[in-house]
Amino acid sequence: MEKKFLIINGPNLNLQGRREVSIYGTESFDQYLSLLRNVFPEVILDYFQSNVEGEIINKLHEHGFSFDGIILNAGGYTHTSVAIRDAVAAIASPVVEVHVSNIFAREEFRRSSLLSPVCRGSICGFGLDGYRLAMYALLECGLNG
């Protein structure tokens with residue numbers, strides 16, 4: 001049976017590959033998403049990006065009871081959004097938190113995550129490859145059921 005995963009990217013991640021390339025790299029997320037789909041052909045992989053907190057919450061509600069896993073990079077909302085935290089806590093699908101950079105090696109305000117306590121796991125600091133690691137965790141480490 002095919003698995004269905006959703007990747008949700010939050011604010012400013014639409015600029016991946018062009019924004020602060022010394023931190024986030026030069027590869028666009030669309031390029032990386034094509035690679036992920038090739039590496040995991042057995043997975044139906046949906047993608048959503050929004051700079052708007054409420055849209056992220058709506059997407060979590062919409063798919064959080066029917067998808068086998070969600071990979072969430074909430075960007076700056078990681079450190080500020082109680083509402084996204086509550087949405088993750090409310091859904092049944094396992095959520096893996098991903099960050100392109102190592103949030104613990106950056107500014108003090110980035111070193112805490114409101115989401116980590118309600119996610120199955122967190123991956124940070126491995127660049128875009130963190131999404132592949134999250135896919136692997138959902139598929140192979142028993143996080144999706």
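A nonpolar core here is a set of buried Ala, Val, Leu, Ile, Met, Phe, Trp, Tyr and Cys residues joined through side-chain atoms within 4.5 Å. With that in hand, here are the close-ups, all taken from a predicted model.

**View A. The largest nonpolar core and its best-connected members.** This core has 21 residues, and I7, L36, L45, I71, Y131 and M135 are the ones touching the most other members. Two or more residues each come from β1, α2 (29-39), β2 (43-49), β4 (95-99) and α5 (129-140). Helix α5 gives the largest share, with five residues.

**View B. Zooming in on M135.** Leaving aside residues up to four places away in sequence, M135 touches F5, L36, F40, V43, L45 and I71. Elsewhere there's a second, separate core of 18 residues, with L6, I56, L60 and C119 among them.

**View C. Helix α3 against helix α4.** Helix α3 (residues 53-63) packs on helix α4 (residues 82-90) at an angle of about 5 degrees, and their axes are 9 Å apart. Angles under 35 degrees count as roughly parallel, so α3 and α4 are roughly parallel to each other. On the α3 side the contact uses E53, I56, I57, L60 and H61, while α4 brings in A83, I84, A87 and V88. Sorted by type, the contact residues come out as seven nonpolar, one polar and one charged.

**View D. N12 and its positive phi.** Most residues other than glycine have a negative phi. N12 isn't a glycine, yet its phi is positive, at about 75 degrees. You'll find N12 in the loop between β1 (3-9) and α1 (21-24), where N12 is partly exposed, with a relative accessible area of 36%.

Key. Residues numbered from 1 in each chain as written. Predicted model: local features only at pLDDT ≥ 70, side-chain atom pairs only at ≥ 80, totals over all residues. Heavy atoms only, no water. Helix = DSSP H or I, 4+ residues; strand = E, 2+ residues; numbered from the N terminus. Buried < 20%, exposed > 50% of the residue type's maximum accessible area, 1.4 Å probe, protein only. Contact = heavy atoms within 4.5 Å. Axes fitted to C-alpha atoms, helices over the stretch in contact; angles between N-to-C directions. Parallel < 35°, antiparallel > 145°, perpendicular 65-115°, else oblique. Nonpolar A, V, L, I, M, F, W, Y, C, P; charged D, E, K, R; others polar.
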